[in-house]
Amino acid sequence: ASAERIRALVLHLLRSQDRQGAFASFHPGPGLVDPESPSEYYPPQALLALLRAKDWVPDIPICQRVELGLSHLLKGKARRLSPDETHFVNQWTVYVVGEMRRRCGVEEHDWFWERELAYLEATRVTAAQDQILAGAQQVDPVTFDPNPTRLEALSFMCNEYRARGDGAQVARCAPLVEEALGLQLSLQNGPDNEWVWSNPRRARGGFPRVMKDETLRMDIVQHNLSALFFGLAFIDGSVPGSAVEGLRDGAELQASLSAWLGRWRSGQRWGAPRVKEQVEKKELVRSVELNARYLREHMSAAGELDYVYNLFVKAPLAERHQVRQAGGLWALARLTAWQGREDNRQALLRGLRHVLGRLEPGPVEGSLLLRPEEGSYVKTGAQALVCLALLDTLSGQVKLEAGLRRELRRALEGLLAGLWWLRRADGHFAEGVHLLSRVPSPERSSYADGEALL
């Protein structure tokens, strides 16, 4: 019965392949094939299934049909990629190239593996560059990708190189696999839905897709599990599959991974946790000073604070966020009013003068609106946070010339009047207002409500 079902599935897949080797993505109806949805993802999945079914259908020329499909899939691909070329590492195609060599004796597509490995080498983040991101792929100068399919493809290729006795390729693989595997372990879901960066032993299972993801998807868990199995086989120095076949239950798998993790931790990124029983005041003061310096150093000559700074490329990004940048100015105002340091005061005054240059007449007499750096939509939260910065500046111990004090006071009163105008009949505040139409947004925001009320 199984053989009959496998044959039926094989024939279904072959009907989806045209004479050039391409596969349709789906069948819109009985007997129909959709030719208008090409995919790089589904064809290698189909080819892998055909290869794995080869021994069940000895009368069907599987190797020839897969060769046709694989050649079509790879015909437009460059044999070499420049390190700065963004590229998705397709683990399914990696599988197919390996299975073609194993089951059909075809080696002419091995160049695809070499291309993928070279790309992964060129774009990987090393532990020397970044302890946390080590093992991720630098997709572009500011984006990093810990996608599990990358480790899945990498560890599968590297296991095959080990099985072939290719010591040179295994040596290239080792740092890539170990760093990528360390990153995968640290991305697991843990207690209270938190990542387990500092202690992967606390993991409860489940993986996000990318670092900013707040969800756990079944396919991502599956890909990570596959990657962990292959990675375990590689670090144990065994041939593909043997390490997995020897594990009888989850406890044994956890023990093997924990043993490897102990070796990894001792020489790499995770050390014994440093917990202090008492925090000293001087440490807090020093941290305040360091972060005040960060604000000063990340303010332009014109008085605008950087929104995002990329630690890897060591440069600010071009992104802006009017609310959060206004919040940075408020932090600097509070700090200056509290500490009274001259370097902080000078930075604050530069930021406030930048604000004064962006004020627009408001919709009612005496009111003002804060023009954003980009676009014409004023966010209520940004206006409220600038008001808070002005309040702390004027009511604290910040030294101000009389003329500037009067100018800041007028700005505060005008911005507060504009803020009051944004208050709705139901007590909430509009999320923002367009400068051109002077029509408040129908949307509201709990953030804007809280900021404006404060």
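# Notebook: bridges, rings and cores

I began with a salt bridge: E116 pairs with R115, and their closest N and O atoms are 3.3 Å apart. I checked burial next and found both E116 and R115 buried. I note here that the model is predicted.

**Salt bridges.** I counted 25 salt bridges in the structure. I looked up E99, which forms a salt bridge with R103 at 2.4 Å between the closest N and O atoms. Both residues lie in helix α4, four residues apart, or about one turn of the helix. I recalled that an α-helix has 3.6 residues a turn, so residues three or four places apart point the same way. Is E99 buried or exposed? E99 has a relative accessible area of 5%, so I entered it as buried. R103 is at 26%, so I entered it as partly exposed.

I then went to E373 and R358, whose side chains meet in a salt bridge of 3.8 Å, N to O. E373 is in the loop between β6 (368–370) and β7 (377–379), and R358 is in the loop between α13 (342–356) and β5 (359–361), so this pair ties together parts that are 15 residues apart in sequence. I found E373 partly exposed at 30% relative accessible area, whereas R358 counts as buried at 13%. Salt bridges with shared partners join E304, R320, R358, E373 and E374 into one network.

**Aromatic rings.** How many aromatic pairs does the structure hold? I found seven. One of them is Y95 with F156, an edge-to-face pair with 4.7 Å between the centres and 90° between the planes. Y95 sits in helix α4 and F156 in helix α6, 61 residues apart, and the pair links these distant parts of the chain. I list Y95 as buried at 8% relative accessible area and F156 as buried at 6%.

I also looked at W113 and Y161, whose ring centres are 5.6 Å apart with planes at 85°, so this pair is edge-to-face. W113 belongs to helix α5 and Y161 to helix α6, so the pair ties together parts 48 residues apart in sequence. W113 is buried at 1% relative accessible area, and Y161 counts as buried at 5%. Ring pairs link W92, Y95, W113, F156, Y161 and F230 into a cluster.

I noted one charge over a ring: the charged end of R162 sits over the ring of F234, 4.4 Å from the ring's centre.

**Helix α8.** I found F234 among the buried residues of α8, which also include H223, N224 and F230. The helix has 18 residues and reaches 26 Å from its first C-alpha to its last, close to the 26 Å expected at 1.5 Å a residue. After α8 comes G237, with a positive phi near 75°.

**An unusual phi.** Most residues other than glycine have a negative phi. I found that R438 is not a glycine, yet its phi is positive, about 55°. Where is R438 found? I placed R438 in the loop between β8 (432–434) and α16 (446–453). R438 is partly exposed, at 28% relative accessible area.

**Cores.** The largest nonpolar core has 59 residues, and those with the most contacts inside it include V10, V96 and W113. Helices α1 to α8 each supply at least two residues of this core. The largest share, eight residues, comes from α7. I followed V96 and found that V96 touches P44, L47, L48, L51, V66 and L70, leaving out residues up to four places away in sequence. Apart from this core lies another, of 33 residues, among them L332, A382, L408 and L412.

Methods:
Residues numbered from 1 in each chain as written. Predicted model: local features only at pLDDT ≥ 70, side-chain atom pairs only at ≥ 80, totals over all residues. Heavy atoms only, no water. Core = buried A, V, L, I, M, F, W, Y, C linked by side-chain atoms within 4.5 Å. Buried < 20%, exposed > 50% of the residue type's maximum accessible area, 1.4 Å probe, protein only. Contact = heavy atoms within 4.5 Å. Expected span 1.5 Å × (residues − 1). Phe/Tyr/Trp six-rings, centres within 6.5 Å; stacked < 30°, edge-to-face > 60°. Lys NZ or Arg CZ within 6 Å of the ring centre and 35° of its normal. Salt bridge = Lys/Arg side-chain N within 4 Å of Asp/Glu carboxyl O.
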